[in-house]
Amino acid sequence: IHASLLPRWRGAAPIQRAIQAGDAATGITIMQMDEGLDTGDMLVRSELAIREDHSAATLHDDLAQLGAQALLEALQQVRDGTLQATPQPEEGVTYAEKLSKAESVLDLSQPAKELERRIRAFDPVPGSTLSLPGLEQPVKVWRAQAVEQKHSAEPGQVLSVSAQGIDVACGQGVLRLLELQKAGSKRQPVAVFVQGWQSR
């Protein structure tokens, strides 16, 4: 049971890479095992739309349910003698590289849209971090929103702070931080987080 629509996202982290890349959909592939890395023949494929609020955790849970249904479908076809194996096409192959802790640091020179997807993709592992003024250690960002807003600020500069969000300048647009976690603390909605932090 592989958590992507093969041959896209063969490898270790198909759920996270699909969200990170901005794919509109992913799914489940029931495949035969062979010596390659997720290269076996396809038996059943089921598609699932990726919602804008999907994190890796919630998408995993939705795909787990879909995977169970797809597996039952494959077993039913085995019993009926109708199961057919289809070789994976050579076109459209991509690899979902294993996640690394080094990827958790947000590069604010990137577009806000890409960072927002990255935050969702890396929830819960490895998480996403950035540094905020006045705090000795980076904070984890668990939820954020990309805002299409032009600015002349340097990437990483805090533009505004309110109970609705902390707006941070990016290479393109603005990243509005909505849920954060200080080192040694729990996840907090931004309205709670800003009560104990001042950007200036």
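A residue is called buried when its relative accessible area is under 20%, exposed when over 50%, and partly exposed in between (1.4 Å probe, protein chains only). The structure described here is a predicted model, in which local features need pLDDT of at least 70 and side-chain atom pairs count only at pLDDT 80 or more, while totals for chains, interfaces and linings use all residues. Residues are numbered from 1 along each chain as its sequence is written, and side-chain values use heavy atoms, with hydrogens and water left out.

A good place to begin is helix 3, which spans residues 112-121. Helices (H or I, at least four residues) and strands (E, at least two) are DSSP runs, numbered from the N terminus. Of the 10 residues in helix 3, 7 are buried, so this helix is largely enclosed by the rest of the structure. The buried positions are Ala112, Leu115, Glu116, Arg118, Ile119, Arg120 and Ala121. Their cover includes helix 1 (14-21), helix 2 (56-80), strand 6 (139-147) and strand 9 (174-181).

One of these residues, arginine 120, has 13% relative accessibility and therefore counts as buried. Leaving aside residues up to four places away in sequence, arginine 120 is in contact (heavy atoms within 4.5 Å) with Ile19, Arg51, Glu52, Asp53, His54, Ser55 and Ala56.

Two of those contacts, Arg51 and Asp53, lead on to the charged pairs. Side chains of opposite charge can pair when their charged atoms come close. A salt bridge is taken as a side-chain nitrogen of Lys or Arg within 4 Å of a carboxyl oxygen of Asp or Glu, and the whole structure holds 9 of them. Arg51, Asp53 and Asp62 are linked in a network of such bridges. Within this network, aspartate 53 pairs with arginine 51, their closest N and O atoms lying 2.8 Å apart. Aspartate 53 is exposed at 54% relative accessible area, whereas arginine 51 is partly exposed at 40%. Arginine 51 also bridges to aspartate 62, at 3.4 Å from N to O. Because arginine 51 sits in the loop between strand 3 (42-49) and helix 2, and aspartate 62 in helix 2, this pair ties together parts 11 residues apart in sequence. Aspartate 62 is partly exposed, at 26% relative accessibility.

A further salt bridge joins arginine 187 to aspartate 123, with 3.0 Å between the closest N and O atoms. This pair links distant parts of the chain, 64 residues apart: arginine 187 is in the loop between strand 9 and strand 10 (188-189), and aspartate 123 in the loop between helix 3 and strand 5 (129-130). Arginine 187 is partly exposed at 35% relative accessible area, while aspartate 123 is buried at 10%.
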